[in-house]
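This report covers two local regions of one chain: a set of paired strands and a pair of packed helices.

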Amino acid sequence: MQTSHQRFTIPRFRNGVSYTRHEEEYHIDYRQQSVVLTVEQNDNTLDNFLLDLQKGGKTLVELKSAYPALANEIEDLIVQFDNHYLLTESHYPIISDTLSGKQFANKLKRYSLAWHAQLGTSALYTAMSEGLATRSQLIGFAIEYYHIVKAAPSIIAPAMSHKCPDPISQGIKQLFLEEHDHETLLLKALSAAGISEEKVKETTPLSSTFSVYCTLGTFGRQHLLSFISALFLFEEPYPEFNLIFVKTCKALDLPEGFWKPIAVHSAVNEEGGHHLITDELLGHISAISAEEARVTLVHIMTLLETMKIWDAQICSTYESDLELRIFA
């Protein structure tokens, strides 16, 4: 702790500090500790000085001017009071350029939509819309989706270790419980397409798939604000994508057992309100500095780029015959 009197611009006693006079002594109490001052002059100078410290609002210069009899002792008194954790600042400067969590959520959505538009339409969505998507691409999409869903618990768990407001902690915990074991839906879907669960588990994710979930995992461990801000990208419903996905699956004779669990998983996210989780959790953050906001926006825009690469790599890797990435 810094004990210099210069630490305080406008000192005041902390809330809870009280003082009483007993003849020639002042007892200043705060929680379990007490400071005793002895009065040499039998007047009210020290009493008034302590009262001013309790009210706050005066600088050291103003205190010295108001109590010239104590002027040479005020700095030492401030140091001693600070040594006993009795003081704080009367007013803290207002930090400019901060955003509330709700304001940042709106800014995040604006930036994401703009960057999404600039990056362009999903390669897989375009292929499906134009009737060019292959059976292998749809199965490959499900395999890579499986790897992300499977990694979800290990991605979310480190985020629960951060010290944060209780509603945020509870929200992340709830997400962990709801995302647990969802990969079984994908395993069933791929099994319906003729790929056994054992084979799917042996596959190695694409480099971009690995990048996507490792990025989110790094946020979860190291930067909670970025982790929270990224969640909506994974939980937001994309009804147009789901409709064309189901339509394309049917056109390519992929069984209902394949596309239905994937559509159901998307519906679970929507019905569970998962797509609102970023807005809800950010709403519990009272202030985000300009620097934190800037860092987080860079993180999320970079993740959007990575997801764009992921989508394109799925299309290129699984464009022709399906070759499972099993290296063992």
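How many bridges join β3 to strand β4 (residues 33-38), and do the two run parallel or antiparallel? Six bridges join them, and the strands run antiparallel. The model is a predicted one.

**Strands**

Strand β3, residues 25-30, also pairs with strand β2 (residues 18-22), in the antiparallel sense and over five bridges. Within these pairings, S18 stands opposite D29 in β3, and Y26 stands opposite L37 in β4. Both connections are hairpins: β2 and β3 have two residues between them, and two residues also lie between β3 and β4. Each turn holds a residue with a positive phi, as the table shows.

| Hairpin | Residues between strands | Residue with positive phi | Phi |
|---|---|---|---|
| β2 and β3 | two residues | E23 | about 55 degrees |
| β3 and β4 | two residues | R31 | near 55 degrees |

In a regular strand, side chains alternate between the two faces of the sheet. Strand β3 follows this alternation: Y26, I28 and Y30 point to one face and are buried. E25, H27 and D29 point to the other face and are not buried. Y26, which stands opposite L37, thus belongs to the buried set, whereas D29, opposite S18, belongs to the set that is not buried.

**Helices**

Two packed helices are described by the angle between their axes and the distance between the axes. For helix α10 (residues 207-222) and helix α11 (residues 224-235), the axes come within 6 Å and cross at roughly 145 degrees. The crossing is left-handed. On the α10 side the contact is made by V212, L216, F219, G220 and Q222, and on the α11 side by L224, S226, F227, A230 and F234. These residues divide into seven nonpolar, three polar and no charged.

Two residues of α10 are described further. G220 lies in this helix and counts as buried because its relative accessibility is 0%. Leaving aside residues up to four places away in sequence, G220 touches F227 as well as I155, P158, A159 and H162. The C-alpha atoms of G220 and N48 are separated by 53 Å, with the two residues 172 apart along the chain.

T209 is also placed in α10, and its relative accessibility of 0% is why T209 counts as buried. With residues up to four places away again left out, T209 touches E144, H147, I148 and W310. The side chains of T209 and W310 are joined by a polar contact of 2.7 Å.

Key
Residues numbered from 1 in each chain as written. Predicted model: local features only at pLDDT ≥ 70, side-chain atom pairs only at ≥ 80, totals over all residues. Heavy atoms only, no water. Axes fitted to C-alpha atoms, helices over the stretch in contact; angles between N-to-C directions. Helix = DSSP H or I, 4+ residues; strand = E, 2+ residues; numbered from the N terminus. Left-handed = near helix turned anticlockwise from the far one by under 90°. Contact = heavy atoms within 4.5 Å. Nonpolar A, V, L, I, M, F, W, Y, C, P; charged D, E, K, R; others polar. Buried < 20%, exposed > 50% of the residue type's maximum accessible area, 1.4 Å probe, protein only. Pairing = 2+ DSSP bridges. Polar contact = N/O pair within 3.5 Å; in protein donor to acceptor, adjacent residues only side chain to side chain.
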